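Student: Could you take me through one part of this model up close, the ligand site? I'd also like to hear about anything worth a look elsewhere.

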Amino acid sequence: MSKNIVMIGAGVANVNAATKLIDGEYKGKITIIDMGKNPYDRKYSEVMEGFLGAGGWSDGKLTYHTSIGGQLSKYCGEEKAMELFDQVIANFKRFHPNPSEVQCSDPKSEPEFIKPYFGLRLFPVWHVGTDYLHEIGKNWYDFLVEGGVEFYWESKVTDINFKNNKLEIGKKMDGHFLYYDTLIFGVGKSGIDFGKKLAEQYDLPTEPKPVQIGVRFEAPQKHFQKLIDVSYDFKLYRKFEDKGVSLRSFCTNNNAAYVAVEETYGDHSYNGHAKKDEAFRNNMTNFGILMEVQGIDNPFEWSRELVGKVQEEGTGLFYSPTRKPTTTSEGIEVSTIQIDSLNRIREAFKGYYTYIDDFIEDMKKVFPTLGDDWGVYIPEIKYLSPEPLVNYKDLSLTKYPNVHFVGDALSARGITVSGAQGIYVVESLLGDIKEDDYIETGDIISF
Ligand SMILES: Cc1cc2nc3c(=O)[nH]c(=O)nc-3n(C[C@H](O)[C@H](O)[C@H](O)COP(=O)(O)OP(=O)(O)OC[C@H]3O[C@@H](n4cnc5c(N)ncnc54)[C@H](O)[C@@H]3O)c2cc1C
């Protein structure tokens, strides 16, 4: 039996997976196909595609808690999950040109001033910063190439035949196909529609997910400094158990903080990132205010429809009582249409926007200088499309056990958890492989 491992997506999950294979002295062939570019050629504007995927151009906040982003402990238990997180964080430091620059924020208690209105989730976060991530990416890529990983860049996988282990590749490699023994599917958010298509085509059993939707909030950092001093990536939260609604601030960026546009299913939504280099300092803070709503029938279609209603001229919307939208770190205006009333938004959110209104009103009480000095980019969305049902021991599809789903393709939502899933899969593969399993695989690309 040959052990030809093919990974779709050179994102955080698969880059960590490939690293684990090399560290584990894996002797079979490792191939990674990505529709984006290698870290030397990837441009700033390519937010979601290329080496390290969306993680490579993110703010690089490495969160260290199993309740943040995905449900790793569901598959492997709490203790194992934390050990996998340690491995991911160690990888980021290993390829960092100056590892002592990675700062850790580790708040120990909730500050009194937020208590009447919000809870604060307390957990450590390592902060890498976007510009350092680029350097990490180059070092990491060189390590993988030297370790024998074969990369295909600007090559989009357009179809997979799970029955005869065959991939079809478009874009630069149009017309090529490739066979695998083991496939690791880590296409991230940019490949979410591809994952959905496959789930439908192969009638993959799924686990239902709640809706997670909201806005990206932006304001001058000074208003939040008191809390940032306690926790860089603060997570304010509140829960309305009887209504099945919970809200939290999500992915906070500070100092040199920029709002980023994401494109999913052809619609625009917002996220944020921050740079470490002082040259980019704009003294702004941005974070998502995300709402999780339980009990909605067909949550995926519900959120798709909502996002469609808050688009105009092919982009999302911006509302502020006083401010204008900001620019990206390259000085280009954030793609958005400014609106002067929230009525249309309230209608699209079908009553749920009240929770976001209240969240902002209460922030004004906790951070008294904030007043009307803020804006929201609408929408921010975490598409929790139904998660393909996997075997918990190795994240393989219950119908196709040589196909493993990892990262955002398995609803991970975060760097540490995505990387941890990649490593988890590889640990199980390495455990299963015996020395005499390896044979020469020969050329795998055909015309
Ligand atoms: C602007 C921004 C900021 C973020 N900030 C943070 C943060 O600070 N902390 C945090 O924990 N998380 C953050 N995230 C989320 C985090 O980046 C993702 O959760 C993580 O990268 C997911 O890893 P992944 O490997 O599953 O997918 P990705 O890293 O997204 O990689 C997927 C890769 O698959 C490739 N691909 C997709 N489809 C195909 C196809 N058909 N054929 C070939 N290749 C394909 C893409 O080109 C991409 O390179 C941020 C995301 C964004 C967009």
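Tutor: Here is the ligand site, followed by one helix residue and a little sheet.

Keep in mind that this is a predicted model. Let's start with who surrounds the ligand. There are 40 residues around the ligand, and Ala 13, Asp 34, Asp 408, Gly 414 and Ile 415 come nearest. Three backbone positions put a polar atom by a ligand oxygen. For Asp 408, a polar backbone atom sits 2.7 Å from an oxygen atom of the ligand. For Ala 13, the distance from a polar backbone atom to a ligand oxygen is 2.9 Å, and for Val 12 it is 3.1 Å, again backbone to oxygen. As for cover, the ligand on its own has 1,000 Å² of accessible area, and the protein covers 96% of that. If you'd rather think in elements, those giving two or more residues to the shell are helix H1 (12-23), helix H2 (53-56), strand E16 (257-264), strand E17 (267-274) and H11. H2 gives the most, with 3 residues.

H11 is a handy bridge to the next stop. This helix spans residues 415-432, and Glu 427 has its place there. Is Glu 427 buried, exposed or something in between? With a relative accessible area of 23%, Glu 427 counts as partly exposed, because buried would need a value under 20%. Leaving aside residues up to four places away in sequence, Glu 427 touches Lys 20, Lys 80, Leu 84 and Gln 87. With Lys 80 there is a polar contact, side chain to side chain, at 2.7 Å. Lys 20 is the one to check if you like contacts between distant parts of the sequence: Glu 427 and Lys 20 are 407 residues apart along the chain, yet their C-alpha atoms are 7.6 Å apart in space.

Last, the sheet. It is an open one built from 3 strands in the order E3-E6-E4, with antiparallel pairing. Strand E3 (61-63) and strand E4 (103-105) stand at the edges with a single partner strand each, so one side of each has no neighbour in the sheet. From one strand to the next, the twist averages 25°. Zooming in on one pairing, E4 and strand E6 (residues 125-127) run antiparallel over 3 bridges. Across from Trp 126 in E6 you'll find Cys 104.

Definitions and conventions: Residues are numbered from 1 along each chain as its sequence is written. This is a predicted model: local features need pLDDT of at least 70, side-chain atom pairs count only at pLDDT 80 or more; totals for chains, interfaces and linings use all residues. Side-chain values use heavy atoms; hydrogens and water are left out. Helices (H or I, at least four residues) and strands (E, at least two) are DSSP runs, numbered from the N terminus. Buried means under 20% relative accessible area, exposed over 50%, partly exposed in between (1.4 Å probe, protein chains only). Contact means heavy atoms within 4.5 Å. A polar contact is a pair of N or O atoms within 3.5 Å; within protein, one must be able to donate a hydrogen and the other to accept it, and residues adjacent in sequence count only if both atoms are side-chain atoms. Two strands pair if DSSP finds at least two bridges between them. Axes are lines fitted to C-alpha atoms, for helices over the stretch in contact, and angles run from 0 to 180 degrees between N-to-C directions. A residue is near a molecule or strand if one of its heavy atoms lies within 4 Å of it. Accessible areas come from the Shrake-Rupley method with a 1.4 Å probe; for residues, only the protein chains shown count as cover.
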